[in-house]
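Work through the exercises below with the sequence and the coordinates at hand. Try each task before reading its solution.

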Amino acid sequence: MTAKTLTITLPDDWHVHLRSGALLNAVLPFSARHFGRAIVMPNLQPPVVKTADALVYRQEIAAALPANSHFQPLMTLYLTEQTDPEDVKQGFLSGVVTAVKLYPAGATTNSAAGVKNIEAVYPVLEVMEAIGMPLLVHGEVVDPEVDIFDREAVFIEKKLQPLRVRFPKLKVVFEHLTTKDGVDYVKSCAQYTAATLTPHHLVINRNAMLVGGIKPHYYCLPVAKREIHRLALVEAATSGDARFFLGTDSAPHLDQAKLSACGCAGIFNVANTLSIVTQVFENNNALNQLERFTSYNGARFYGLPINQGQLVLERHNEPLPVPEALSLSQGSLTVFDPLMPVYWAVKQVITP
Ligand code: DOR
Ligand code: ZN
């Protein structure tokens, strides 16, 4: 019997943390192997705030790429209340910068320099709306009064909806959606709103993190929510709806930084993302929609061409082991364990 294979257009990752230095060198080959392009998050320390910073960071990534790699990093700027609209415009029009990332100050890793008063960045958003440049949003409020499990839903009502009304034609990507509220909101919007979904939020709910002991490898931001929310995310991803696409939010932290009394948020998943996502689609009888989610919807929203390359997936008869932790000189880096049987593996990547 011949093995079952599935060939799809080479995927893109519309949200990834590549870091810098030794960690960049360790994780970049995994992104470069399975993805044509990736939207690279700017939350370095110090953050990537100006076009000149993005250029330097892009050069660092290019230098770390394996020889003959076709992988294209798409750069983002970290929005601050000091961001110069002219710099953003020049960065976009010159092709150096693809999008701008909005972190509410204090929402997550390295977000201290983010935005406290959204009105302070309106001049930047006006320019972005005019030139068709996407705004990528970390959609959580930071108000200490708001329960961490409610922060996404409250963000929609208090922050996102007013922004949508004020800038109706601004392209907005609601990053790493974790709630049914978020899915319903994106579905209620017209063509200028989309969302990324991560592999981990498609397969785990908050029990993975909290039942049977506290499991730091399942801690990320926004935190995984209840099962009804996970099911809504799966429905959105597998439906073929053009507003939902893959963003891994792969966010590597060394194990010693995660396995701590105050562990870092982030899950490293690019080594097995395609296996996991394909399994989710198979489990939901939606393999025919996989390519839209991984390879079409994002490119269309961003107004970029569909990749030329292809990726061949193969279904094995036995569940595959979770990839081994990476062993770096500074410590180990654990790969995401989806806690479910995964039969699909990437067999081949065909580049043009
Ligand atoms: O879990 C997360 N990790 N969420 C974020 O928003 C940031 C990321 C990181 O950079 O570690
Ligand atoms: Zn992220």
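**Exercise 1: Asn 269**

Asn 269 sits in the loop that runs between helix H10 (255-258) and helix H11 (273-283). The model is predicted.

Task: decide whether Asn 269 is buried or exposed, then find the side chain that makes a polar contact with the side chain of Asn 269.

Solution.
1. Take the relative accessibility of Asn 269: 0%.
2. Buried means under 20%. Asn 269 therefore counts as buried.
3. List the contacts, leaving aside neighbours within four places in sequence: Pro 199, His 200, Thr 248, Ser 250 and Phe 336.
4. Look for the polar contact between side chains. His 200 is the partner of Asn 269, at 3.0 Å.

**Exercise 2: the sheet**

Task: give the strand order of the 8-stranded sheet, and state which strands stand at the edges.

Solution.
1. Trace the order: S2-S3-S4-S5-S6-S7-S8-S9. The sheet is open and the pairing is parallel.
2. Strand S2 (13-16) and strand S9 (244-246) each have a single partner strand, so one side of each lacks a neighbour in the sheet. These are the edges.
3. Add the twist. Neighbouring strands are turned by 30° against each other on average, direction ignored.

**Exercise 3: one pair and two helices**

Task: describe how S3 and S4 pair, then place helices H3 and H12 on the sheet.

Solution.
1. Strand S3 (37-40) and strand S4 (72-78) pair in the parallel sense over 4 bridges. Arg 37 has Gln 72 of S4 as its bridge partner.
2. Helix H3 (85-93) packs on the sheet and touches S4 and strand S5 (97-102). The directions of H3 and S5 make about 140°.
3. Helix H12 (290-302) also packs on the sheet, touching strands including S2, S3 and S9. The directions of H12 and S9 make about 115°.

Terms used
Residues numbered from 1 in each chain as written. Chains lettered and ligands numbered in written order. Predicted model: local features only at pLDDT ≥ 70, side-chain atom pairs only at ≥ 80, totals over all residues. Heavy atoms only, no water. Helix = DSSP H or I, 4+ residues; strand = E, 2+ residues; numbered from the N terminus. Buried < 20%, exposed > 50% of the residue type's maximum accessible area, 1.4 Å probe, protein only. Polar contact = N/O pair within 3.5 Å; in protein donor to acceptor, adjacent residues only side chain to side chain. Contact = heavy atoms within 4.5 Å. Pairing = 2+ DSSP bridges. Axes fitted to C-alpha atoms, helices over the stretch in contact; angles between N-to-C directions.
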